[in-house]
Amino acid sequence: MSKSRSGLKSFLKYLGYLVVAFILGYPHLELARFTIPGADDFSCANAVDIYRENHSVFASALAYTRDVYQTWQGTYTGEMIMGLEPSVRESFTGIRIVMVLGVVLFVASLILLLHTICTRFFGLTSGQGWAAGLLGEYIAFNISLTGELFSWYTGAAVYLFPLIAFFFCLSFSIMSYFDRKTVYAILAAVFGVIGAGGSLEIVGFGCAAYLVLLVVYTLGISNIKANIKRIVFLYLPFVLTVAGALVNTLAPGNFARKNAMEESGFDIVPTFTSSWYNLATHVGGLITAYLLPLVLVILFVICVCSVSQKSFSGKVLIGSVIGSFFVSIVTIFPVILGYGSYNIDAYLSSTRIIYAFDLVIVLVLMVFTCVFAFYLKDLLRRNNVNVKEQMYKYMILLIALALMFSGEVFKNYNNGMSMKIIDDLKNDRMQIASMQMTNIYNRVDEAEDGTDVIINEPVLPGTVLYIPLYIDYPAYFANAEVANYYNVNTFSIYYG
């Protein structure tokens, strides 16, 4: 085959991957396109306005981040992104561009992470790595409720963008280990420090996953003394990431906020047991309510039918189980410790917390599935079983079993967020809700300064789009922040 023909074939192949990635992500691109600012977006804008007269946009964001760090919470990356937000929120187009960019970066970072794990650790081909990445993208967009991450600026600032940073951090760390390039170690450190400035749930995931990788790295280097330089470049980014996490965790604002809200939290033991309870509950929910079993079976078949000769011992399999539990528990532990909640589904209204936890569970299950597949493949090979022949022979049976555990397949497919978004769009619910909220803000903006603004509005259609909550009580914090932003005395709204 000529080079030009081979190049064209390669180009078309990767173009096909990108098209599939776009199709899978399209519903959430639409979700982000209808983003409406609200709640903390306005309180942030009001706080930053204090600095805007004498400082640039960037300097104002820094000053805002410093003040929040001292008085409310340590999420320096999230607050910096929020501090920049008023510069784009004057036009809703600006904030929507940022949110669309968040969806694109999320897809890119997630596919890169799964592709890197599959090709480096498991020896799969690039195409198989892409398949794993696309499976990950599909299931990531079809679990829990995604609105607070992909259609709310504050949720994206504190959760989504730090999560993206950690995906890149872990990817470059793996590349640094296998490719031994300093630039990858530097990128891992940069993205690790950025990710460490997010919500403590995201920080817990990132640091725990990174620590598991370091254990794997260390076990994979036979002669430590002869690889001191390599060890330094593997560990230094992790040390910097943990340092960023400590800066976040030990912020004076965290303690000030805790005292102000009189949150007692949990003791360590009940927090630990509650973390296990929530993990078991969410694993069961993901297995039965979505098409996760089918995704895992497809990934399993890809690994077993691959030409990769990777093999894993029983010790590695047990280690992967321990690592999976460790990452999942550390992810949810700080949430339960801080909120003092036994059950995050029953006591927490923040769907972003639930989504992030579910996504971490999905990712560790995908990695564990790959380890188990190669363990079983090696076991069968050592017993002189033609692995590929048997896998193709029983593939239909495996998929049928996965569908059985998934319950009613089409019902579960419709449970996914992508189909819910499409249904909203098809019935104009999302468009109408976004337009109504935009009109409400315009009416407040057009009101005379210093007046009391009372708005009567038809009930908004139910939608998966994040819609800020405003009530008929002007002193409610969200109402008050809107009134402050638009220079009116009070703002209240009556639906119905």
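The following legends describe close-up views of a predicted model.

**View 1. An edge-to-face aromatic pair, Phe92 and Tyr441.** The model contains 35 aromatic pairs. In the pair formed by Phe92 and Tyr441, the ring centres lie 6.0 Å apart and the planes meet at 85°; because planes over 60 degrees apart count as edge-to-face, this pair is assigned to that class. Phe92 belongs to helix 6 (residues 92-121), whereas Tyr441 belongs to helix 22 (residues 429-446). The pair thus links distant parts of the chain, with the two positions 349 residues apart in sequence numbering. Both Phe92 and Tyr441 are buried.

**View 2. A stacked aromatic pair, Phe172 and Tyr184.** The rings of Phe172 and Tyr184 are 6.0 Å apart, centre to centre, with an angle of 25° between their planes, and the pair is stacked. Phe172 is found in helix 9 (residues 153-179) and Tyr184 in helix 10 (residues 182-195). These two residues are twelve residues apart. Phe172 has a relative accessible area of 13%, so this residue is buried. Tyr184, with a relative accessible area of 17%, is likewise buried.

**View 3. A cluster of linked aromatic rings.** Ring pairs join Phe42, Phe92, Tyr441, Tyr470, Tyr485, Tyr486 and Phe491 into a cluster. Two of its members, Phe92 and Tyr441, form the edge-to-face pair of View 1.

**View 4. The largest nonpolar core.** This core comprises 117 residues. Within it, the residues with the most contacts are Phe106, Phe122, Phe150, Phe167, Phe205 and Leu359. Helix 9 supplies the largest share of the core, 18 residues. Leu359 touches Phe106, Ala140, Ile143, Leu163 and Phe167, when residues up to four places away in sequence are not counted. Phe106 and Phe167 therefore appear both among the residues with the most contacts in the core and among the partners of Leu359.

**View 5. A second nonpolar core.** Separate from the largest core is a second core of 22 residues. Among its residues are Ala45, Tyr486, Val488 and Ile493. Tyr486 is also a member of the aromatic cluster in View 3.

**View 6. The surroundings of Thr241 in helix 12.** Thr241 lies in helix 12, which spans residues 228-249. The relative accessibility of Thr241 is 0%, so this residue counts as buried. Leaving aside residues up to four places away in sequence, Thr241 touches Phe166, Cys169, Gly192, Val193, Ala196, Cys207 and Tyr210.

Definitions and conventions:
Residues numbered from 1 in each chain as written. Predicted model: local features only at pLDDT ≥ 70, side-chain atom pairs only at ≥ 80, totals over all residues. Heavy atoms only, no water. Phe/Tyr/Trp six-rings, centres within 6.5 Å; stacked < 30°, edge-to-face > 60°. Helix = DSSP H or I, 4+ residues; strand = E, 2+ residues; numbered from the N terminus. Buried < 20%, exposed > 50% of the residue type's maximum accessible area, 1.4 Å probe, protein only. Core = buried A, V, L, I, M, F, W, Y, C linked by side-chain atoms within 4.5 Å. Contact = heavy atoms within 4.5 Å.
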